[in-house]
Structure formats: structure tokens, C-alpha cells
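Visitor: Please give me a close account of one part of this structure, and then place that part in the chain around it.

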Amino acid sequence: GRLRARVKPNITFSDSQLQSVRGNPAAEVEVIVSPSGQIVDMKLTQPSGNADWDQAVLKALEKTGTLPRDENGKIPPKIPFVFRPRD
């Protein structure tokens, strides 16, 4: 939840773009993270079916740059994310 909350404000997707989306499709992304929390790579593992939404999610992850560590000071090297436009 904390990781998603860190990325979500960086998603730029206009109301007019949202109106063109049918349903609430999920864009699934696997993010590769360094031990310091820096995002070093990402891969769209399951496209949503809406290329604009997929790109908005990938750009938001790029903009985020780093992810916070957990309460033990660790962060997994691979993190799966699922983003839906109406969540």
C-alpha cells in the first residue's frame, strides 16, 4: 500500500483520457529496485489494453524514481504493481 501510494500521485491521466477507457483495466508492471530503493528497471508484464493508461503508469514510475524501504529497512529487488485508472 505504501509503495502504491508513493507512485499514484505521479500518474498523469486526464479526465478526457479516462472517459475513453472501457471498464477498469489493470496495467501490471514488475519493477526492479536497487537495495537503496532506486527504481532501476521496469517491465509491463500485463498490458491493460489501453496504451495511454499503460504509458501513464510507466511514466509515473519513472517520475517516482525511488521507493521507500519497509519498517525493517529493506526493499525487495522485484516488486509487482497493479494500477487501474478508476482506483
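**A buried aspartate and its surroundings**

Guide: Leaving aside residues up to four places away in sequence, Asp 54 touches Ala 27, Leu 44, Pro 47, Ser 48 and Gly 49, where contact means heavy atoms within 4.5 Å. The model is predicted, so local features need pLDDT of at least 70 and side-chain atom pairs count only at pLDDT 80 or more, whereas totals for chains, interfaces and linings use all residues. Residues are numbered from 1 along each chain as its sequence is written, and side-chain values use heavy atoms, with hydrogens and water left out.

Asp 54 belongs to helix H3. Helices (H or I, at least four residues) and strands (E, at least two) are DSSP runs, numbered from the N terminus. Asp 54 is buried but forms no salt bridge, and the nearest side chain of opposite charge, that of Arg 84, is 11 Å away. Buried means under 20% relative accessible area, exposed over 50%, and partly exposed in between (1.4 Å probe, protein chains only). For charges, Lys and Arg count as positive and Asp and Glu as negative, while His and the chain ends are not counted. A salt bridge requires a side-chain nitrogen of Lys or Arg within 4 Å of a carboxyl oxygen of Asp or Glu.

One contact of Asp 54, Leu 44, lies in strand E2. Leu 44 is partly exposed, with a relative accessible area of 28%. Besides Asp 54, Leu 44 touches Ala 27, Glu 28 and Val 29, again not counting residues up to four places away in sequence. Leu 44 and Val 82 are 38 residues apart in sequence and 10.0 Å apart in space, C-alpha to C-alpha. Val 82 is also the bridge partner, in E3, of Glu 28.

The sheet comes next. Its three strands form an open sheet in the order E2-E1-E3, with antiparallel pairing; two strands pair if DSSP finds at least two bridges between them. Strand E2 (39-46) and strand E3 (78-83) are the edge strands, each pairing on one side only. From one strand to the next, the twist averages 25 degrees. Strand E1 (residues 27-33) is joined to E3 by six bridges, and six bridges also join E1 to E2. Ile 32 stands opposite Asp 41 in E2 and opposite Lys 78 in E3. E1 and E2 form a hairpin with five residues between them, and Gly 37 in the turn has a positive phi of about 100 degrees.

Helix H3 (residues 51-64) lies across E1, E2 and E3 and runs at about 25 degrees to E1. Axes are lines fitted to C-alpha atoms, for helices over the stretch in contact, and angles run from 0 to 180 degrees between N-to-C directions. In a regular strand the side chains alternate between the two faces of the sheet. Along E3, Ile 79, Phe 81 and Phe 83 point to one face and are buried, while Lys 78, Pro 80 and Val 82 point to the other and are not.

Finally, the chain as a whole. Read along the sequence, it follows the pattern α-α-β-β-α-β. Its radius of gyration is 13 Å, close to the 12 Å that the globule rule gives for 87 residues, so the chain is as compact as a globular protein of that length. That radius is taken over C-alpha atoms, and the rule is 2.2 Å times the number of residues to the power 0.38. Buried residues make up 36% of the 87 residues.
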